[in-house]
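Thanks, everyone. Please have the sequence and the model open, and follow along as I go.

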Amino acid sequence: MSLLTIHPDHRPEQAEVIRDPEQIAEKLWEIGVLFERWSAEHEFSPEADQETVIAAYRTSIDRLIDRYEFHSVDVVSLRPDHPQKAELRSKFLSEHTHGEFEVRFFVEGKGIFYLHPDDRVYIMLCEQGDLISIPAGIRHWFDMGENPNFKCIRLFSTPDGWVASFTGETIADQFPNFDQFLARHA
Ligand SMILES: [Fe+2]
């Protein structure tokens with residue numbers, strides 16, 4: 001199940017735990033983050049390419065493109081047997097911001113966004129069917145775990161939206177990583 005925990009940024013051990021999707025959406029909306037549950041009704045084979053995934057969700061994707069004027073859509077897919085999984089995981093594992101607003105929809109699998117909008121950290125475990133937006137400029141990091149397994153549709157305004165500005169903070173090290181978080185809350 002999707003799960004949100006909210007912590008003071010200097011006290012990782014103190015947590016408000018929210019499991020109800022409607023309450024998750026309300027809490028995230030307070031910090032400008034859109035959260036929706038979509039039905040992920042399509043099953044894909046591990047070899048399914050980007051075009052197949054996008055075609056399956058074309059109607060919903062077009063709705064988002066109209067609503068937010070996105071110009072780019074792609075699919076990122078990672079499996080536990082990916083040879084560069086450690087390298088790919090480390091890419092966004094430290095706190096950073098992006099200049100562009102982005103939306104992700106989890107078609108399959110799981111990933112955790114850690115959002116640091118103010119003096120709190122929001123840990124959002126996203127699962128299949130979750131749509132989340134990351135506003136431009138919000139401090140955050142992302143963990144896919146030691147054995148990543150997810151497929152996400154990503155929408156953004158420009159391909160440059162993926163450029164990360166790292167804050168240089170080590171806050172990510174003070175919070176449970178993907179595997180620790182799952183072990184704690186499973
Ligand atoms: Fe990011």
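Let me begin with the aromatic pairs. This is a predicted model, and the count comes to eleven aromatic pairs. Take Tyr68 and Phe70. Their ring centres are 5.7 Å apart and their planes stand at 50°, so the pair is tilted. The tilted class takes what is neither under 30 degrees nor over 60. In general, two numbers describe a pair of aromatic rings: the distance of the centres and the angle of the planes.

Now, are these two rings buried or exposed? Tyr68 is partly exposed, at 24% relative accessible area. Phe70 counts as buried, at 4%. The cut-off for buried is under 20%, so Tyr68 with its 24% does not make it.

Look at what sits at position 69. Glu69 belongs to the loop between α3, residues 58-68, and β4. Its phi is near 55°. That is a positive value, in a residue other than glycine. Glu69 is exposed, with a relative accessible area of 58%.

Where does Phe156 come in? Phe156 lies in strand β10. Its relative accessible area is 5%, so Phe156 is buried. Along the chain, Phe156 and Glu69 are 87 residues apart. Their C-alpha atoms are separated by 8.7 Å.

Back to rings. Which residues form an aromatic cluster? Trp38, Phe44, Tyr57 and Phe105 form one. Trp38 also has a charge over it: Arg63 lies over the face of its ring, at 5.7 Å from the ring centre. There is another such contact. The charged end of Arg104 sits over the ring of Phe142, 4.9 Å from its centre. Keep Arg104 and Phe142 in mind.

Next, the metal. Which residues give protein donors to the iron ion? His96, His98 and His140 do, each through NE2. The donors lie 2.1 to 2.2 Å from the iron ion. In sequence, the spacing reads H-x1-H-x41-H. His98 lies in strand β5, residues 96-98, and His140 in strand β9, residues 139-143, so this pair ties together parts that are 42 residues apart in sequence.

Both of these histidines fall under the 20% cut-off for buried. His98 has a relative accessible area of 7%. His140 comes in at 2%. One caution on the site: water is not among the atoms, so it may look incomplete.

Now the cavity. The structure holds one cavity of 30 Å³ or more. The space in the largest cavity is about 50 Å³. What lines it? The lining is Phe92, His96, His98, Glu102, Arg104, Phe113, Ile134, His140, Phe142 and Trp162. So you meet His96, His98 and His140 again here, along with Arg104 and Phe142.

Which elements give two or more residues to that lining? They are β5, β6, residues 102-116, and β9. The largest share comes from β6, with three residues. By type, the lining divides into five nonpolar, three polar and two charged.

On to the pocket. The largest pocket has a volume of about 200 Å³. Its lining includes Val76, Ser77 and Leu78. Next along the chain come His82, Leu88, Lys91 and Phe92. Then Arg104, Phe142, Met144, Phe150 and Arg154 complete the lining. Three elements give two or more residues each: β4, residues 72-78, α4, residues 85-91, and β10, residues 150-156. Strand β4 gives the largest share, three residues. The lining divides into seven nonpolar, two polar and three charged.

Compare the two lists. Phe92, Arg104 and Phe142 line the largest pocket, and they line the largest cavity too. Arg104 and Phe142 are also the charge and ring I asked you to remember.

One last stop, Pro176. Pro176 sits in the loop between β11, residues 164-166, and α5, residues 178-185. Pro176 counts as buried, with 9% relative accessibility. From Pro176 to Ser90 is 86 residues along the chain. The C-alpha atoms of those two are separated by 15 Å.

That's my tour. Questions, please.

Methods: Residues numbered from 1 in each chain as written. Predicted model: local features only at pLDDT ≥ 70, side-chain atom pairs only at ≥ 80, totals over all residues. Heavy atoms only, no water. 1 Å grid on protein atoms, 1.4 Å probe; cavity = no way out; pocket = protein on both sides within 12 Å on 5 of 7 lines; lining within 4 Å. Points joined across faces, edges and corners; volume = space filled by probe spheres on them. Helix = DSSP H or I, 4+ residues; strand = E, 2+ residues; numbered from the N terminus. Nonpolar A, V, L, I, M, F, W, Y, C, P; charged D, E, K, R; others polar. Donors = N, O, S within 2.8 Å, 3.2 Å for Na, K, Ca; no water. Buried < 20%, exposed > 50% of the residue type's maximum accessible area, 1.4 Å probe, protein only. Phe/Tyr/Trp six-rings, centres within 6.5 Å; stacked < 30°, edge-to-face > 60°. Lys NZ or Arg CZ within 6 Å of the ring centre and 35° of its normal.
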